[in-house]
Amino acid sequence: MTIDLSTLNESQQDAVKWQDGPLLVVAGPGSGKTRVLTYRVARLIDESPAARFRIIGVTFTNKAAAEMRSRIDALLSEGRDRATLTTFHSFAAEILRQHGSHVGLKPDFGIISEQADREAVLTDAIKIVSKEEDDFEPKAAQLLPTINRMQDECVLPDEALKWLGVQPHAKKVAAIYAEYRACLIQANLMDFGSLLAIAVDLLEKKPAIAKQIRRIYSYVCVDECQDTNSAQYRLLIQLVREAKPNLFVVADDDQLIYQWNGASPKRLEDLRNRFEMQVIQLPENYRCPPEVIELANNLIHHNADRAADKKPLSAHKAGDGTKRVTVMR
């Protein structure tokens, strides 16, 4: 079987045919970026039926991972099991299920996602750290956002005091953070933040485990990479081989929507520089009429953090004279 690329435009075909080495695909909205990523994964597998290498494709949501899996299943008649399509959190959980004993976790650990459950664990941690004479005993709901930020930044317990700096009650907050992590592990539980933070810490401190993972996955593909926070970015770095970085990243700094969760346009720039990535741009939009694309170009041109060499969006659809933009006063 040969993957049919005839329905792809020239830039899309160039990206799908990319073989080895690091590549950044700058893909605007409606440009077929997920299609390009899945076609490339399917092509690599289809053209190497006797090979044993595996490919990992990482994205942000279970829905997006399921969509990639469905598309690849439709393109391949065999070899589908050579592609692992997953989320950052799911892959971190798999790492900890296999290697979590190094940090005190059992393979059957549970994952808590409800805020009430997390607050209950944090309340226990606060009680353990607090003393009767203390004049500061925070409520779990008040402290949880700080805990979240520290986990998203992969702050280690012994680094928490320095990270908190001159914040009020920094010493006690740092102690509570360390106790919260300890309470989770003691209860054989993880939350979403600790999944990433502890998996990153494990891979960075146990390079043999990271090396084993890199040996399994010869190719790493990432969708919507502009939205990675610090923990996700550091996990990604651990997956990529230094000597032969077969990293295929689809991203668009104009579509960065997770800044509230720690995403930053500078992280994509750092990734591009770290691996000296080649760039293919997909500016053609298949979703919107020309009037909308023109307006979008006029607006995003003012984005301060966008790459200087970025091409403007272009409309694949022809205009039909219908008024598409209405100004409400």
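This is a short tour of a predicted model, going from a central strand to the cores, one helix and a few salt bridges.

**Strand β6 and its neighbours**

Let's start with strand β6, residues 217-222. Six of its six residues are buried, so the rest of the structure largely encloses the strand. It has partners to look at as well. Strand β2 (residues 54-59) runs parallel to β6, and five bridges join the two. If you want a spot to zoom in on, G57 sits opposite C221 of β6. Strand β7 (residues 247-251) is also parallel to β6, this time with three bridges between them. Here V222 has V249 of β7 as its bridge partner.

How do you get from β6 to β7? Follow helix α11 (residues 230-239): β6, α11 and β7 together form a right-handed β-α-β unit.

**The nonpolar cores**

Some of those residues turn up again in the packing. The largest nonpolar core has 65 residues, and the members that touch the most others are L96, L122, L236, L247, V249 and L271. Helix α8 (residues 170-186) is the top contributor to this core, supplying eight residues. As a rule, nonpolar side chains in soluble globular proteins tend to be buried together.

L236 is a good place to see this packing up close. Not counting neighbours within four places in sequence, L236 is in contact with F88, V220, V222, C225, L247 and L271. Another core lies apart from this one; it has 29 residues, including I3, V36, V41 and L282.

**A helix with two sides**

Now over to helix α13, residues 290-300. Which of its residues are buried? I293, N297 and I300 are. They span an arc of only 80 degrees around the axis, so they share the same side of α13. That fits the usual geometry: an α-helix has 3.6 residues a turn, so residues three or four places apart point the same way. Turn to the other side of α13 and you find E294 and L299 exposed. As for what covers the buried residues of α13, the list includes β9 (284-285) and β10 (314-315).

**Salt bridges**

The whole structure has eight salt bridges. Here are three of them, with the N to O distance for each.

| Pair | N to O distance |
|---|---|
| E224 and K33 | 3.8 Å |
| D191 and R118 | 2.9 Å |
| R234 and E204 | 2.8 Å |

Take the salt bridge between E224 and K33. The pair links distant parts of the chain, 191 residues apart: E224 is in the loop between β6 and α11, while K33 is in helix α2 (residues 33-46). E224 has 23% relative accessibility, so it counts as partly exposed. K33 comes in at 11% relative accessibility, so it counts as buried.

Next, D191 and R118 form a salt bridge too. D191 belongs to strand β5 (residues 189-191) and R118 to helix α5 (residues 115-129), so this pair ties together parts 73 residues apart in sequence. Both D191 and R118 are buried.

Lastly, there's the salt bridge of R234 with E204. R234 is in helix α11 and E204 in helix α9 (residues 192-205), so the pair ties together parts that are 30 residues apart in sequence. R234 is partly exposed, at 27% relative accessible area, and E204 is partly exposed at 37%.

Terms used:
Residues are numbered from 1 along each chain as its sequence is written. This is a predicted model: local features need pLDDT of at least 70, side-chain atom pairs count only at pLDDT 80 or more; totals for chains, interfaces and linings use all residues. Side-chain values use heavy atoms; hydrogens and water are left out. Buried means under 20% relative accessible area, exposed over 50%, partly exposed in between (1.4 Å probe, protein chains only). Helices (H or I, at least four residues) and strands (E, at least two) are DSSP runs, numbered from the N terminus. Two strands pair if DSSP finds at least two bridges between them. A crossover is right-handed if, with the strands pointing away from the viewer, the path from the first strand over the helix to the second runs clockwise. A nonpolar core is a set of buried Ala, Val, Leu, Ile, Met, Phe, Trp, Tyr and Cys residues joined through side-chain atoms within 4.5 Å. Contact means heavy atoms within 4.5 Å. The arc is that of the directions from the helix axis to the C-beta atoms. A salt bridge is a side-chain nitrogen of Lys or Arg within 4 Å of a carboxyl oxygen of Asp or Glu.
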